[in-house]
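Student: Could you show me how to read the strands and cores of a protein model? I'd like the general idea and then the case at hand.

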Amino acid sequence: MLEVKGLTVAYEDSDAVQDASFTVTQGEWLMLIGPNGAGKSTLLAAVAQCAAYRGSVLLEGCDARQWKPKAFARAVGVLAQTHAAGYAFTVEELVSMGRYAHTRGFFRSRDPQGQEAVRRALDAVGLWNLRGRNVQTLSGGELQRAFLAQAMAQEPRVLLLDEPANHLDLVYQKQLFELIGQWLAEGERGVISVVHDLSLALRYGTRAVLLDHGCVTADGPAGDVLASDALRRAYGMDVAGWMADLAGRWRKVADCEAQSIQAGDTRRINSFQKRASEGCSSRTITIFISRFSQEAAFLFSGPYPKIFFWNKLDQ
């Protein structure tokens, strides 16, 4: 689907990215990881044809430099880490701008599938009911979802994301990454993301490329790269150990919360039993107790995903 060969990006007298090579195949979510200044965003900009480079970027086997801009835009979508909504566009108008590469005619007005593509994108990110809203009134999470819908409306085969969860709280991070995961699963598509949060890279990435001082130092399945010695060298610390320590603290918090809720359920069950002694039927009490037991089993069974992954890496 997309292949990068020997890509080098130079700024003045130094190379920000040196001889980077990797591939993205159908259904893959490649995470570009590494410390600050490693060259992740620069590498992504070069793949997007937004920065000059040496080497080659092959899209579906053809040199990206040979693609016409509109054809490339139909194949590759980009979601930047920051956005400026300087005009009072509606959400629908903003998302519709993603269809520019598909328009035809002298006035760029012919796009038979455009309206439906915009509707699907708005529905996918949960903004259909806000389609008439001024984008300048949206929250940070809503605005990021609007720009994601714009990229989805573009109907690309490859999506490039530069720190998509930047400045988003946990709820919006989860929503955004799950939306991207759903988009990826719907067709012959691939995703490349720059991420700083290694937990997100581990949770959602199928593969990872680790950059250190502009060089690719590890490339492979996300779990393998995040468990490698190269990660320790790049960050100058025991990353997996640090993450496992944090996960352990969250596990204690989760266990305390579970015990608190279960204690509350016990008090309610005791209350039901007291009511039974006061005249409620035994069948009613059995139904209540069964229901709360099922809820507790559902809420507190199984490992927490991030905690499980990081504890496994630390073993």
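Student: In which sense do strand E4 and E5 pair, and over how many bridges?

Tutor: Strands of a sheet pair through backbone hydrogen bonds, either parallel or antiparallel. In this predicted model, strand E4 (residues 54–59) and E5 pair in the antiparallel sense over 2 bridges. Leu59 has Cys62 in E5 as its bridge partner.

Student: What links E4 and E5?

Tutor: They form a hairpin with 2 residues between them. Look at Glu60 in the turn, where phi is positive, about 55°.

Student: Which strand order does the sheet have?

Tutor: The open sheet has 4 strands in the order E2-E1-E4-E5, with antiparallel pairing. Strand E2 (14–24) and strand E5 (62–63) are the edge strands, and each pairs on one side only. Further in, E1 and E4 run antiparallel and are joined by 5 bridges. Here Leu2 stands opposite Leu59 in E4.

Student: Where does helix H1 lie?

Tutor: Helix H1 (residues 40–47) lies across strand E1 (2–11), E2 and E4, and runs at about 120° to E1.

Student: Now the cores. Which residues touch the most other members of the largest nonpolar core?

Tutor: Trp29, Met31, Ile33 and Leu148 do, in a core of 50 residues. Helix H5 (residues 140–153) gives this core its largest share, 8 residues. Leaving out residues up to four places away in sequence, Leu148 touches Leu79, Val125, Leu159, Leu176, Leu179 and Ile180. There is also a second, separate core of 30 residues, with Leu7, Leu32, Leu44 and Val57 among them.

Terms used: Residues numbered from 1 in each chain as written. Predicted model: local features only at pLDDT ≥ 70, side-chain atom pairs only at ≥ 80, totals over all residues. Heavy atoms only, no water. Core = buried A, V, L, I, M, F, W, Y, C linked by side-chain atoms within 4.5 Å. Buried < 20%, exposed > 50% of the residue type's maximum accessible area, 1.4 Å probe, protein only. Contact = heavy atoms within 4.5 Å. Pairing = 2+ DSSP bridges. Axes fitted to C-alpha atoms, helices over the stretch in contact; angles between N-to-C directions.
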